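Good morning, and thank you for coming. I would like to take you through one structure, beginning with its enclosed spaces and ending with the meeting of its chains.

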Amino acid sequence: MTVRYVPVIGLEIHVQLATESKLFCRCSADYFGKAPNAHICPGCMGLPGAMPILNGRAAELAVRAGIALSCKIRDRLYFDRKHYFYADLSKAYQISQDGRPVAEGGLLKIRSDDGTLKPVRITRLHLEEDAGKLVHSAADGRLEGAENSYADYNRGGMALAEIVSEPDLSSPGEAREYAARIRQLVRYLAVSDGDMEKGSLRVDANVSVKQVDADTGEVLAWSARAEVKNMNSLRALERALEYEIRRHREALASGERLERETRHWNEAEGVT
Amino acid sequence: MQLYELSATEMARGVRAGEFSASEVLESCLGRIEEGEGALAAMITVTAGKAREEAALVDGMVARGEDPGPLAGVPIILKDNICMRGAPVTCASKMLENWVPPYDAAVVEMAAASGALFPGKANMDEFAMGNSGEFSVFTHPSNPWDTDRAPGGSSGGCAAAVAAGYAPLALGTDTGGSVRQPASFCGIYGLKPTWGLASRRGVVPLAPTMDQVGPFARTAEDLALILSIISAPDGGDGTCRPGQRPDYGAAVATPSLKGKRVAAIRDLEGLSSLLDDAVLEGLSKFLDLCRGGGAEIVDVSLPVTVEFGPPCYHVLSRAEAASSLARYDGVRYGLSKRGESLSELYTLTRGEGFGPESKRRVLMGTWVMSGANFDEYYTAAAKTRTLIAREFDEAFKGCDIIALPTAPGPAFIKGTQGGERMRMANLLTLPPNLAGLPALSMNMGFTGGDKPLPVGVQLIASRWGEAELLNAAAAVEKSVGGATVASLPARGKEGEAR
Ligand SMILES: [Zn+2]
């Protein structure tokens, strides 16, 4: 029996919207490279009694992207609170769209590895707030070994659109192509500057590999899904997926069981 | 007659006419606060200096022939969960004990622009959770009609202050009865407006889908006066309804009950054994006065509300409280305990910063939102709430006002939480919060005995029906009179020590 290994990849792309102010307050969105906590207000700091006022422009841009992705657009906006405790999250909840996203059920055609056109289904596009950033005092900026941590809320409350694809991508090349098409689309529509290095377009990949009997097509086994983060370029996305797929194949081949987990791409060492 | 005994309307008229000054009004009220605080503990912070500056500004305007506005020189007490620059907004919690907000609440801005003065912040249950004032982490407020008794809660300090003549007006918040129940216990007016009528910007949230700022007053006319100021539209609160408000002043100027349909709730009859006789007498007195004024007395049935209102409220209010209180983590402001790790910082800060009731509600709220409980409890309660709102919509097709007791009995003895009967307290006041409706409590007489206690009646109208409530209250007030200022007890030890 010969076996084939088929990668199954879905991407979650966070796009920082090209608004002048944040999603629920009037703080300037031009925060990149500015002094820590220079772009904050009672709203995005979550002070008691401060209330969110939706930035209409952010909604417009999200709808524009949703239309371009052939999504169904909801005629009302609904927001939910996603609760978790972390020092970069000022209200201890993120205002997001959980049950009722602004746009869902879309499609984007990409050029697949063999040159044919391949439709990739878009699950949903929703609006949400970004979190702030923590800076740790250790020499390498990481939490480990740091004496102190500092919180910078300039990014907190920035308007994001999260675009979630179905797991329709089956190679690192396709994933790269899909991400490139999304970036091109948001840039062309002036929805976002799409700059991956600045973090205004961030790609997280969900990847697993299925083991298939090459003759019958029967699925023999699945590897546990891994979420891979921290890819700062399209090249990094492709490399991280290549690495991750290899890891999953080897595990499947040797019968090792993988845990479902979140992994971070290390660009310097080329590992997740 | 002392200046502090005047109504807000009379104070503003006198100040605008130059008959007396805002400073004189303020000093009279500050004197009353000083005299009463030893026994009442109605206040957390007295901001005499700030209020004196405000009074001087008002007097300066009058001297120059300018009009300070319809609240000229009127002192207004603020519940200590309403932000005012220059004073802490403690929420009666260790968590915010020393936190001074960098802004005024919208309702404070509006009242200030109309010439009001702000002599201080009133005691309350911690983060507005409680019905006696006894969950304040500071002192426990007392009822001016009998200092062994609670003034009610959570806005107990506001109600005690207005009843005792500290000020003719106070602003509290009402999430499940926190304005109306203390108003009833202290023998004054309390109004919870329709959800979305008054801006909540700068008001510390408890359960955002139910919270409303609500005024306390001793006359229906004053209630209309303050409502007409604080109900202005506010673009800074996305839930505050835009557009024109009715003329509340007109509603109390020529009140009439002719042709009004006033309804009693049929389903409450089965529960009358849980209600104090004095409370039931108050309700029938109110209905009699309405009938005498030309109203038609009808009845309505609210079976879903009566049976499912309390559990629905308990689930939703706790879920929202857990969400609202999540931000107090010691990272950015308020109490902060240093820990070895982030999770230790959270645990120490929240462990020490929250009192027992806050902790209970955070735990319950988190539980009903966790995993499978979310659908079983939260979603079920949210659906029930829609049914309750519809049931009221149906009921208001057959009536203009629904009348019921505000609380199951008069003020209870401090330290008892009212016992068995008070478990009913929520049932009577929470339905308007669930349905977003306006509701008003007014005094309907006193109990007998050597220390008579006030008894209240509650009126509910359909959405945006505040004018309907004010009209009815003003019409009935013509027969029963406005609330009287409670006389202060002889100075206790604390008072003498000052
Ligand atoms: Zn901001």
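Let me begin with a term: a cavity is a set of grid points where a 1.4 Å probe fits but cannot get out, and its lining residues have an atom within 4 Å of a point. Please keep in mind that the model before you is predicted.

How many cavities of 30 Å³ or more does the structure hold? There are two. The largest has a volume of about 70 Å³. Its lining consists of B:Ile265, B:Leu268, B:Leu302, B:Thr305, B:Val306, B:Phe392, B:Leu404, B:Leu427, B:Leu428, B:Pro431 and B:Ile460. Two elements of chain B, α10 and α14 (425–435), give two or more residues each to this lining. The largest share, three residues, is that of α14(B). Sorted by class, the lining has ten nonpolar residues, one polar residue and no charged ones.

The second largest cavity holds about 40 Å³ of space. Among the residues lining it are B:Asn81, B:Thr173, B:Arg200, B:Asp211 and B:Gln212. Here the classes are four nonpolar, four polar and two charged.

I turn now to an open space, the second largest pocket, with a volume of about 710 Å³. Its lining numbers 25 residues, and those nearest its centre are A:Asn148, A:Ser149, B:Ser341, B:Leu342 and B:Leu345. Chain A supplies at least two residues from each of β7 (133–136) and β8 (149–152), and α11 of chain B likewise supplies at least two. Which element gives the most to this lining? That is β8(A), with three residues. By class, the lining divides into twelve nonpolar, eight polar and five charged residues.

Finally, the interface. On the side of chain B, 30 residues are in contact with 21 residues of chain A. Between them the two chains bury about 1,900 Å², with 61% of that on carbon and sulfur atoms. In chain B, the residues that lose the most area to chain A are B:Ser323, B:Arg327 and B:Arg332, together 31% of what that side buries. The rule finds zero salt bridges across this interface, while 13 residue pairs, both at pLDDT 80 or more, are in polar contact. Both α10 (303–324) and α11 (342–353) of chain B supply at least two residues to the side that touches chain A. Of the elements there, α11(B) gives the most, with three residues. That side of chain B divides into 16 nonpolar, seven polar and seven charged residues.

Thank you for your attention.

Note on methods. Residues are numbered from 1 along each chain as its sequence is written. Chains are lettered from A and ligands numbered from 1 in the order in which they are written. This is a predicted model: local features need pLDDT of at least 70, side-chain atom pairs count only at pLDDT 80 or more; totals for chains, interfaces and linings use all residues. Side-chain values use heavy atoms; hydrogens and water are left out. Contact means heavy atoms within 4.5 Å. Buried area is the accessible area (1.4 Å probe) that two parts lose on being put together, summed over both. A salt bridge is a side-chain nitrogen of Lys or Arg within 4 Å of a carboxyl oxygen of Asp or Glu. A polar contact is a pair of N or O atoms within 3.5 Å; within protein, one must be able to donate a hydrogen and the other to accept it, and residues adjacent in sequence count only if both atoms are side-chain atoms. Helices (H or I, at least four residues) and strands (E, at least two) are DSSP runs, numbered from the N terminus. Ala, Val, Leu, Ile, Met, Phe, Trp, Tyr, Cys and Pro count as nonpolar, Asp, Glu, Lys and Arg as charged, and the others, Gly among them, as polar. On a 1 Å grid over the protein atoms alone, a cavity is a set of points where a 1.4 Å probe fits but cannot get out, and a pocket is an open set with protein on both sides within 12 Å along at least five of seven lines; lining residues have an atom within 4 Å of a point. Grid points are joined across faces, edges and corners, and a volume is the space filled by probe spheres set on the points.
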